[in-house]
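Open the model in your viewer and keep the sequence panel alongside. We will go from one selection to the next, with a short note on what is there at each stop.

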Amino acid sequence: MLRITLLAGLAALATPVLAEGDPAKGEREFNKCRACHMIVADDGTEIFKGGRTGPNLYGVIGRTAGTEEGFRYSPALVAAGEAGLVWDEENIIPYLADPTAFIRDHLGDSGARSNMTFKLARGGEDIVAYLISVSE
């Protein structure tokens, strides 16, 4: 019995924990992002009016990093995408917390950097939940 409980516990620890954020809170938190980012659907519907310094975040979850048409990414972010980085709930939250540190760690290159300098200390899981909810 102890062996089964121990194995079940180890299996639970090995399973990645995905963000379980609140989309309503994420919509409010997204105001921190609006200076640089907008959310515009593929058909042109403006979901969240924002800046154009950063790429459109419609459909970002599931998108290969550094591939949004019409945006100039840092060479490191493009390289991360070419190496297979696809944004998902698990990796975008640490990226939001410290974009340059994430890219450096991902590429194993201490000189790599992200053009995004804003760091989101908390609330990333809510923003991700919001982005998923408006991109479905």
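## First stop: V40

Select V40, which is buried because its relative accessible area is 17% (buried means under 20% relative accessible area, exposed over 50%, partly exposed in between, with a 1.4 Å probe and protein chains only). V40 sits in strand β1; helices (H or I, at least four residues) and strands (E, at least two) are DSSP runs, numbered from the N terminus. Now show what surrounds V40: setting aside neighbours within four places in sequence, V40 is in contact with T45, E46, I47, N56 and Y58, where contact means heavy atoms within 4.5 Å. Next add G50, 10 residues from V40 along the chain, and you will find their C-alpha atoms separated by 9.4 Å.

A word on what you are looking at: this is a predicted model, in which local features need pLDDT of at least 70, side-chain atom pairs count only at pLDDT 80 or more, and totals for chains, interfaces and linings use all residues. Residues are numbered from 1 along each chain as its sequence is written, and side-chain values use heavy atoms, with hydrogens and water left out.

## Zoom out to the chain

Colour by secondary structure and you have 6 helices and 2 strands. Starting at the N terminus, the order of elements is α-α-β-β-α-α-α-α. Of the 136 residues in the chain, 35% count as buried. Among contacts between residues at least 6 apart in sequence, 43% join residues at least 24 apart.

## Helix α6 and its partners

Select residues 124-135, helix α6. Put a distance between the end C-alpha atoms of α6: they are 16 Å apart, which agrees with the 16 Å that its 12 residues should span at 1.5 Å a residue (the expected span is 1.5 Å times one less than the number of residues). Which residues of α6 are buried? They are G124, D126, I127, V128, A129, Y130, L131 and V134. These buried residues pack against α2 (23-29), β1 (39-40), β2 and α4.

Stay here and select A24, in helix α2. A24 is partly exposed, because its relative accessible area is 40%. A24 and D126 are 102 residues apart along the chain, yet their C-alpha atoms are separated by 7.7 Å.

Now bring in helix α4 (residues 89-97), whose axis comes within 9 Å of the α6 axis and crosses that axis at roughly 130 degrees. That angle makes α4 oblique to α6. For reference, axes are lines fitted to C-alpha atoms, for helices over the stretch in contact, and angles run from 0 to 180 degrees between N-to-C directions. Angles under 35 degrees count as roughly parallel, over 145 as roughly antiparallel, 65 to 115 as roughly perpendicular and the rest as oblique.

To see the residues involved, show E89, I92, I93 and L96 in α4, which meet G124, E125, V128 and I132 in α6. By class, this contact of α4 with α6 has 5 nonpolar, 1 polar and 2 charged residues (Ala, Val, Leu, Ile, Met, Phe, Trp, Tyr, Cys and Pro count as nonpolar, Asp, Glu, Lys and Arg as charged, and the others, Gly among them, as polar).

## From α4 to α5

Keep α4 on screen and add α5: their axes come within 5 Å and cross at roughly 125 degrees. Here too the label follows from the angle, so α4 is oblique to α5. Display N91, P94, Y95, L96 and A97 in α4, which meet P99, F102 and I103 in α5. By class, the contact of α4 with α5 has 7 nonpolar, 1 polar and no charged residues.

## The other neighbour of this tour: α3

Hide α4 and show α3 with helix α5 (residues 99-107); the two axes come within 10 Å and cross at roughly 45 degrees. That makes α3 oblique to α5. The contact is made by A76, L77, A79 and A80 of α3 with I103, H106 and L107 of α5. By class, the contact of α3 with α5 has 6 nonpolar, 1 polar and no charged residues.

## Two loop stops

Select G111, in the loop between α5 and α6. G111 counts as exposed because its relative accessibility is 56%. G111 and A76 are 35 residues apart in sequence and 9.0 Å apart in space, C-alpha to C-alpha.

Finish at E69, in the loop between β2 (46-48) and α3 (75-82). Is E69 buried or exposed? At 72% relative accessibility, E69 counts as exposed. Add P55, 14 residues from E69 along the chain, and the C-alpha atoms of the pair are separated by 8.5 Å.
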